[in-house]
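Reader: I would like a close look at one part of this model. Please take me through it step by step.

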Amino acid sequence: VMLNKLICKPVIELAGVANSIALGEVDHNIVTDGGDNEISMLQNSFAAMIDNLKKQEEVLNKISSGDLNVSYTAASDKDAVGKAIVKLINDDNYVFNAIRNATSQISLGSGQIAAASQTLAQGSTEQASAIEQISATITDIANKTKDNAAQASEVSDIVFKAKDDVI
């Protein structure tokens, strides 16, 4: 009975926890007996593993919720899932920085296009005004030419009359 309580029961509990962790459930709290034996060491290792899985779950939930300011440090050099999370965060940051830079370039280009369009519109307005002035000047010249022609005709009539009067 004592052997069952000290060894079998904790091992069976840990096996059940391991099975549920294998199915993705990480919400476990391992109660350690505080001893200095192999069962206590196994319980402490399971508790540390569950804490690490909970941290990983928390970070992944933040990322999936859109929190891109999250940071994470792998538990060790051999922490494959932790290193994958760090890579995911770094890759996301790289992609979003590239998108941010592209957006900035698009914004800058849009501003330049808007300024060029404004300059073009202003130039068109100035050209239209200049054409209007040229048109008015041509009309004015045409009217003066008609007046000159009429005056020349009158002078010609006067000259012919004077010639007839002299002869």
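Author: In this predicted model, the cover over the buried residues of α2 includes α1 (2-22) and α3 (80-166). Which residues of α2 are buried? They are I39, S40, Q43, F46, I50, Q56, V59 and I63.

Now the helix itself. α2 runs over residues 38-64 and has 27 residues. From first C-alpha to last, α2 reaches 39 Å. That is close to the 39 Å expected at 1.5 Å a residue.

Look at the two ends. At the N-terminal end, N37 acts as the cap of α2. A side-chain oxygen of N37 lies 3.1 Å from the backbone nitrogen of I39. I39 is also one of the buried residues. Just after α2 comes G66, with a positive phi of about 100°.

Not every residue of α2 is hidden. M41 belongs to this helix too. Is M41 buried or exposed? M41 counts as exposed, because its relative accessibility is 51% and the cut-off for exposed is over 50%. M41 can also be set against K87. The two are 46 residues apart in sequence. In space, M41 and K87 are 31 Å apart, C-alpha to C-alpha.

One buried residue leads on to a pocket. Q43 is buried in α2, and Q43 also helps line the largest pocket. That pocket has a volume of about 230 Å³. Its lining also includes K5, L6, P10 and D33. The largest share of the lining, 7 residues, comes from α1. By type, the lining residues split into 6 nonpolar, 2 polar and 4 charged. So α1 appears twice here: in the cover over the buried residues of α2, and in the lining of the largest pocket.

Definitions and conventions:
Residues numbered from 1 in each chain as written. Predicted model: local features only at pLDDT ≥ 70, side-chain atom pairs only at ≥ 80, totals over all residues. Heavy atoms only, no water. Helix = DSSP H or I, 4+ residues; strand = E, 2+ residues; numbered from the N terminus. Expected span 1.5 Å × (residues − 1). Buried < 20%, exposed > 50% of the residue type's maximum accessible area, 1.4 Å probe, protein only. Contact = heavy atoms within 4.5 Å. Polar contact = N/O pair within 3.5 Å; in protein donor to acceptor, adjacent residues only side chain to side chain. 1 Å grid on protein atoms, 1.4 Å probe; cavity = no way out; pocket = protein on both sides within 12 Å on 5 of 7 lines; lining within 4 Å. Points joined across faces, edges and corners; volume = space filled by probe spheres on them. Nonpolar A, V, L, I, M, F, W, Y, C, P; charged D, E, K, R; others polar.
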